[in-house]
Amino acid sequence: MQLAIFWIFAFFMVFFGALVVLLRNPVSSAMSLVLSFLFLAGLFMTLDAFFIGIIQVLVYAGAVMVLFLFIIMLLDLKSEKQRKLKVGAWLGGGAVLAGFVYTILHVVGRMPGAEQAMPVLPGGVGSDVARIGWVLFERYNMPLQVVGVLLLVATVGVVILSRKELK
Amino acid sequence: MDCTQIYQIVMMPEVFLVWTSLAKILGLLGIVLGLVSYTVYAERRVSAFIQDRLGPNRVGPQGLIQPIADAFKLVLKENFMPAGVNKFFYYIAPKLSMIPAILVLAVLPFGSTLLGVPMVIAGIDIGVLWVFAVSSLGVYGIVLAGWASNSKYSFLGGIRSSSQMISYELSLGLSVIPVFMVVGTLNLPEIVLYQVKNGWLIAPFWPQGFDLAKLAENPGGAWEMVVASFAAGFSLQKLLLWVPLFLSFIVFLVSIFAETNRAPFDLPEAEQELVAGYHTEYSSMGFALFFLGEYAAMIAASGVIVTLFLGGWSLPLVPDGSAESFFGLSFVPGWLAGVLWGFVNIGVFFGKVIALLLFMIWVRWTVPRFRYDQLMKLGWYFFFELALFNILLTALVLIFVP
């Protein structure tokens, strides 16, 4: 049962991922990416990672892609739709894809312990949200704070850069 | 196959889960869709009352059959498609705005239990995040409708709506974090159970352990019992926590108005400026689906507010579905008493939802519309900071006041 669900979600995830590249209308591509994200969230949930799955929907499908769509809609889509695919582009894309797949297989194949499942999060009982919270704030508290400061600096930087009267 | 075999199959855990879930889905959908059409009717009647008009009162007594007549009218109208639209997205946009509003209902506990079956379709541990995730997908329907219609008015409405929804999602998400810090779970049924035990989250005082049975034994000591129960329910932490929880209730409520595109934040469909905003080019069932989606989103949002802050299906002194007596009446058997109280709980939940819906309608016909820059400033400069400060305040109270 779980295996069947995995294959259904995996198939549709890859299918819509491919449509992102193959469709010529940028809005259709963006919506395919949203669907691909939704199926990816389903995959996370079959692994009992409900929190990560729902955050995938909330952040990527619900917020980031809306902003993407927002910007795409302001573009001139007619010129984009009329562009023809060229042989050179196909070959270049294929070469990049092959190199990427080779690298991934090479690295993952040689990584020690890559074929083992990740250990279960400590914390025992309770929802995975609580357990992720414990791990983040107990074991990885310092890195979390550092990431927080980094994001804060980036946010302040954006605010300063986007001010109109930059002196 | 005889009766006992069928009974065994029906009571198998997986089969039991499937058919009870299906029954709950059908029941909830029926109630909510009925509520949608009568919310539209209430909107027209209440707005008429506020503006000193009559409103629709011709079809049936007090115009009560008006929603059915409206539905027939919309079904029979021509489904006109303007030239130059993107056909696929034009067709799919109304559905995309309807589906998320319905999906939110899946995690709402709309009652306690009926014969031991919890009255929630999916009591998942990430309930609140599910609500935010699914309702954040609702923006696609509006954006795509605005874009695919190939009309300037629709497009401006879609753009306004998407930026508004993204802006207010932040304060919406941040404003409920104090609730989780106090309750300690994201599971909506458990949040309701916490409120049954410790009082509604927006109430600073709560009578703890007030019992009607004890009152009946000693009617003279009623006042002492009231005082004693309030004293039992009092704690300094609860009183201090009331400040951030009430602030988060206010921020959440206002953000919900913006998320559901209701007045005073209904800029995406501001009639004077944009005709009807993103659904200008829709007719017949496409238009009806947008309308239904908007009101279903209102009902779902009211359900979330009721669940998080107003005690869900609970009411003081009303027992839940596990009760064994119905007002002490001897001819009501124990199981029937539980069922009756279960239905009372469902009624309490929808009563609270209807009260909130009437509040939303009241606000719409009372408060003038915001200007667009005012709306954005309110969201980014005021509510966002207030929600962040609120989290800090809750943490301080929880740490320093035991």
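Let's start with the overall size of chain B. For 402 residues, a compact globule would have a radius of gyration near 21 Å, and chain B comes out at 23 Å, which agrees. Please keep in mind that this is a predicted model. If you draw a box around the C-alpha atoms of chain B along the principal axes, that box is roughly 75 × 65 × 45 Å.

So what is chain B built from? The count is 15 helices and 2 strands. Of its 402 residues, 49% are buried. Now look at the contacts in chain B with a separation of 6 or more: 77% of them join residues that sit 24 or more positions apart. On the outside, chain B has an accessible surface of about 19000 Å², and carbon and sulfur atoms account for 73% of that. Chain B also carries 20 positive and 23 negative charges, and the mean positions of the two groups lie 10 Å apart.

Next, chain A. Here we find 7 helices and 0 strands, so if you read from the N terminus, the elements go α-α-α-α-α-α-α. Buried residues account for 23% of the 167 residues in chain A. Among the chain A contacts with a separation of 6 or more, 51% involve residues 24 or more positions apart. Chain A exposes about 12300 Å², with 76% of that coming from carbon and sulfur atoms.

Let's go inside now. In soluble globular proteins, nonpolar side chains tend to be buried together. In our model, the largest nonpolar core has 109 residues. Which residues have the most contacts inside it? They are Leu69(A), Phe252(B), Leu308(B) and Phe309(B). The element that gives the most to this core is helix H5 of chain B, residues 127-148, with 15 residues.

Find Phe252(B) on your screens, please. Leaving out neighbours within four places in sequence, Phe252(B) touches Phe132(B), Leu172(B), Ser175(B), Val176(B), Val304(B), Ile305(B), Leu308(B) and Phe309(B). You'll recognise Leu308(B) and Phe309(B) from the core list a moment ago.

One last stop: Gly334(B), which belongs to helix H14 of chain B, residues 334-364. Why do we call Gly334(B) partly exposed? Because its relative accessible area is 32%, and that label covers values between 20% and 50%. How far is Gly334(B) from Glu169(B) in sequence and in space? The two are 165 residues apart along the chain, and 46 Å apart from C-alpha to C-alpha.

That's my tour, thanks for listening!

Terms used. Residues numbered from 1 in each chain as written. Chains lettered and ligands numbered in written order. Predicted model: local features only at pLDDT ≥ 70, side-chain atom pairs only at ≥ 80, totals over all residues. Heavy atoms only, no water. Helix = DSSP H or I, 4+ residues; strand = E, 2+ residues; numbered from the N terminus. Rg over C-alpha atoms; globule rule 2.2 N^0.38 Å. Buried < 20%, exposed > 50% of the residue type's maximum accessible area, 1.4 Å probe, protein only. Contact = heavy atoms within 4.5 Å. Areas by Shrake-Rupley, 256 points an atom, 1.4 Å probe, with all protein chains shown as cover. Lys, Arg positive; Asp, Glu negative; His and termini not counted. Charge placed at Lys NZ, Arg CZ, Asp CG, Glu CD. Core = buried A, V, L, I, M, F, W, Y, C linked by side-chain atoms within 4.5 Å.
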